[in-house]
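Q: I'm new to this one and would like a close look at a single part of it. Here is what I have in front of me.
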Amino acid sequence: MNQNKHTDTVISPVISQSQQFDDYEDSINMKYVNLQSFLNEKSEQTLKKEKDTQKVILVIDNDECIGSWGDLSLLYSIFKKEYILEPDVDIFAKIMSDTAAIRPYVKELFETIIDLKKKGIIYKVFMCTADSNINGWVIFLSKILERWFGEKIYDEIIYGEMIEEWHIFNNSSVRNEIGYIKNMDMIREIISFKYHENPDNYAIVAIDDRPTNIINGFPIAVSPY
């Protein structure tokens with residue numbers, strides 16, 4: 001399947017595995033990710049379709065973007081290996097907060113996202129990470145973040161194995177010298193096949209510390225945390 005043809009009826013591995021649930025100006029922390037201003041600016045430019053402004057699908061990276069998860073994921077892996085069961089979410093949320101693993105101003109960012117979603121400006125929120133979910137870490141991290149924030153954030157979750165399989169299915173490059181290539185056509189497939197919506201009606205905006213690896217979407221760059 002050609003990765004640029006959104007109407008193809010062949011369903012890629014990303015669909016079958018999806019979960020329920022500027023100028024690249026660098027920024028020091030999430031305080032300076034002015035999402036509202038970015039959307040307002042783009043709505044007057046490329047996000048505008050005919051007379052109507054497209055609603056936004058927001059795609060958020062994990063590691064080095066909204067937090068630093070190396071130690072926390074290692075602790076999770078040790079716990080899973082020793083006890084088999086999933087760790088206590090509340091304990092991990094406290095560890096995340098106490099150790100500053102979560103990036104400053106992420107809570108304010110999430111509050112803005114929820115507000116824009118309630119206003120109908122943002123349609124869906126995706127977590128999209130190159131990290132592996134082989135032991136359940138990515139899904140568990142989404143639970144930690146939502147418990148810490150106190151409200152559901154993510155509508156869908158895409159992780160490393162899904163990105164790899166999507167690229168293999170589409171005969172495209174999985175990664176370059178920087179890292180995994182995140183083609184936002186993955187998001188469009190989910191919107192089309194799972195939600196039965198026309199993906200062309202939505203603008204896909206991605207917050208990522210590696211904005212040059214975002215393809216077919218509008219990246220908002222942040223400096224690695």
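Let's start with S142: is this residue buried or exposed? And could you then walk me through what lies around it?

A: Before anything else, keep in mind that this is a predicted model. S142 counts as buried, because its relative accessibility is 1% and buried means under 20%. You'll find S142 in helix α6, which covers residues 137–149. The side chain of S142 reaches back to I139, where the backbone oxygen is 2.5 Å away.

Now for a helix that packs against α6. The buried residues of α3 pack against α6, and against α4 (89–98) too. Helix α3 takes in residues 70–83, 14 residues altogether. At 1.5 Å a residue, α3 should span 20 Å, and the C-alpha atoms at its ends are indeed 20 Å apart, so the two values agree. Just after α3 comes I84, with a positive phi near 70 degrees.

Which residues of α3 are buried? They are L72, S73 and Y76. If you look down the axis of α3, these buried residues fall within an arc of 95 degrees, so they line one face of the helix. Turn to the face pointing away from that buried side and you meet the exposed residues D71, L74, K81 and E82.

Y76 deserves a longer stop. It sits in helix α3 and is buried, with a relative accessible area of 1%. Setting aside its neighbours within four places in sequence, Y76 is in contact with E86, P87, F92, N135, G136, W137 and F140. Its side chain also reaches the backbone oxygen of N135, at 2.9 Å. Take F140 from that set of contacts: Y76 and F140 are 64 residues apart in sequence, yet 8.9 Å apart in space, going C-alpha to C-alpha.

That brings us to the rings. The structure holds 10 aromatic pairs. One of them joins F79 and Y83 in a tilted arrangement, with 4.8 Å from centre to centre and 40 degrees between the planes. F79 and Y83 are four residues apart in helix α3, which means that about one helical turn separates them. F79 counts as partly exposed because its relative accessibility is 30%, while Y83, at 55%, counts as exposed.

Another pair is made by F92 and F140, and this one is edge-to-face: the centres are 5.3 Å apart and the planes are at 85 degrees. This pair links distant parts of the chain, since F92 belongs to helix α4 and F140 to helix α6, 48 residues apart. Here F92 counts as buried, because its relative accessibility is 4%, and F140 counts as buried at 0%. Put Y76 and W137 together with F92 and F140, and you have one aromatic cluster.

Rings turn up alongside charges as well. K107 lies over the face of W148, 4.8 Å from the ring centre. In a similar way, the charged end of K124 sits over the ring of Y123, at 5.0 Å from its centre.

So, back to where we began: S142 is buried, its helix α6 is packed against by buried residues of α3, and F140 of α6 shares an aromatic cluster with Y76, F92 and W137.

Note on methods. Residues are numbered from 1 along each chain as its sequence is written. This is a predicted model: local features need pLDDT of at least 70, side-chain atom pairs count only at pLDDT 80 or more; totals for chains, interfaces and linings use all residues. Side-chain values use heavy atoms; hydrogens and water are left out. Helices (H or I, at least four residues) and strands (E, at least two) are DSSP runs, numbered from the N terminus. Buried means under 20% relative accessible area, exposed over 50%, partly exposed in between (1.4 Å probe, protein chains only). A polar contact is a pair of N or O atoms within 3.5 Å; within protein, one must be able to donate a hydrogen and the other to accept it, and residues adjacent in sequence count only if both atoms are side-chain atoms. The expected span of a helix is 1.5 Å times one less than its number of residues. The arc is that of the directions from the helix axis to the C-beta atoms. Contact means heavy atoms within 4.5 Å. Rings of Phe, Tyr and Trp (its six-membered ring) pair if their centres lie within 6.5 Å; planes under 30 degrees apart count as stacked, over 60 as edge-to-face and the rest as tilted. A charge sits over a ring if NZ of Lys or CZ of Arg is within 6 Å of the ring centre and within 35 degrees of the ring normal.
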